[in-house]
Amino acid sequence: MSRRDLRVSEPGPRPPQGRDEDLDWLVRHVARGDESAFEAVYDQLCRPVYGLIRKVLRDPAQSEEVTQEVLLEVWRTASRFDPAKGSAITWVMTIAHRRAIDRVRSASAQTLREQKSGSVLAGSTEEVAEVVEARLDAERVRRCLDSLTELQRESIGLAYYGGYTYQQVAGLLDSALGTVKTRIRDGLIRMRDCMGVTW
Amino acid sequence: MRFFREDLHALTGAYALDALDGAERDRFSRHLRRCQSCANEVRGLRETATRLAMAVALVPPPELREKVLAAVAWTRQLPPETEDAAARRSRAAHGSPGRPPSRFGTPRLAWFPRPASLLAAAALAVVVVLSVTQAMTQRELNHSRAQNQAVEAVLSAPDARLLTHRIVAGGRAIVVLSQARHALVLTTSGLPPLPAAKVYEVWFMAPGRSKPAGLLSPPTAGRTAPLLAAGLTAGDRIGLTVEPAGGTSKPTTPPILVMSLPA
């Protein structure tokens, strides 16, 4: 379906499909300024967005800030979401990952991260209980990760969760650049097939 | 060139995980426009990466919801991109290699928004909307112009941040903070009106001391005019209390807002 078709078509009744299709539908409504659709998007995505950003940045205060920016960005740029290019959730998670990476790779954030690692900010953010949300597919992801070779798993983990470039990953793992590059790719392909991702 | 292309193709994984830096990412983005099979593979690998993100989901601080929804109310959305504009931009991007506005501002990825200027837009919306709603005399207007310049200095500060917080008495505080300028601009919406003998006073609060940071104007249409509070010191929180008209030098009532500020 082309982007044009989607733009002119009427919203119609909310589709009864799974979570992902539902989210695509919601994001298209957010693009029309529908704040209640945005609330629903927030409720579905705040946990993965915050979780990913925390995983990369670690600092709770910075993570909260970046999460806020990302979700606001989703609101602001919802009209640029194109379902032909990927699912809504991947659109959002890509924004989230890039924002987190932007922080990590900017020099000032680096020093901030170091400064903050020793001290705790006053306020309520650090009092929040850190509860990993139990999701049905989280277990599956872990199982699929377990099926990778150690080098594949470490490379993917450092690149995605650690926010490192593959050159940095190669340095950390003491491996050749070309090896890390291929391990990231073939590891991800294996993950994709293991989880039955169809794109 | 066959070797070179295969070599590039192997970057799909690193690209999907944002693990390419600068020039290499730009080169691969350009390659993606020509290589449909690479683009398809990247798409699938990105969807795979999303599963990795879902696996580390974490409950955010509960007050975040309030903040985001408040900010949404002040933030104008981008219009949809028309096909013409997209094509123009793509052509322009082909022609001019050296203008990446952000780390990830590669033309191919127009689909993904750029981080820049979001805060500025949101912040400006706050001030413009609020300023316009205030009816002013000439004297007030002059004062307000000077005030606006100071306000603009905070809004345009490179480190400016938009923060919002719920006020216990009702309504929300919206703050644009610049730690570099030791100042912030505070506006509120939905604060209950006060009798004439009372005023809302803003404080810089630190353990053991509170420094007056200004008085809020009476709400007009549910909003108070932007207040510039300067002289912020590191570690200060923002407080709000109800005080006798004219304000006091120390808070005499329990704060209806205590907001910590990021460093």
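Visitor: What makes β3(B) and strand β6 (residues 223-230) of chain B a pair?

Guide: In this predicted model, β3(B) and β6(B) are joined in the antiparallel sense over six bridges. At least two bridges are required for two strands to pair, and six bridges satisfy that condition. Within this pairing, B:Val185 lies opposite B:Leu228 in β6(B).

Visitor: How do you know that strand β2 (residues 172-178) of chain B also pairs with β3(B)?

Guide: Seven bridges link β2(B) and β3(B), again in the antiparallel sense, where at least two are needed. B:Ser178 faces B:Ala183 in β3(B). The two strands form a hairpin with four residues between them, and B:His182 in the turn has a positive phi of about 50°.

Visitor: What makes strand β3 (residues 183-189) of chain B mostly covered?

Guide: A residue is buried if 20 or more other C-beta atoms lie within 10 Å of its own; seven of the seven residues of β3(B) are buried. B:Ala183, B:Val185, B:Thr187 and B:Ser189 point one way, B:Leu184, B:Leu186 and B:Thr188 the other way, and all are buried.

Visitor: Why are α10(A) and α4(B) called roughly perpendicular?

Guide: The axes of helix α10 (residues 177-195) of chain A and helix α4 (residues 36-54) of chain B come within 9 Å and cross at roughly 75°. Angles of 65 to 115 degrees count as roughly perpendicular, and therefore α10(A) and α4(B) are so described. Their contact involves A:Leu188, A:Met191, A:Arg192 and A:Met195 of α10(A), together with B:Gly44, B:Leu45, B:Thr48 and B:Arg51 of α4(B). These residues comprise four nonpolar, two polar and two charged.

Methods. Residues numbered from 1 in each chain as written. Chains lettered and ligands numbered in written order. Predicted model: local features only at pLDDT ≥ 70, side-chain atom pairs only at ≥ 80, totals over all residues. Axes fitted to C-alpha atoms, helices over the stretch in contact; angles between N-to-C directions. Parallel < 35°, antiparallel > 145°, perpendicular 65-115°, else oblique. Contact = placed C-beta atoms within 7 Å. Nonpolar A, V, L, I, M, F, W, Y, C, P; charged D, E, K, R; others polar. Buried ≥ 20, exposed ≤ 12 C-beta atoms within 10 Å, placed from the backbone.
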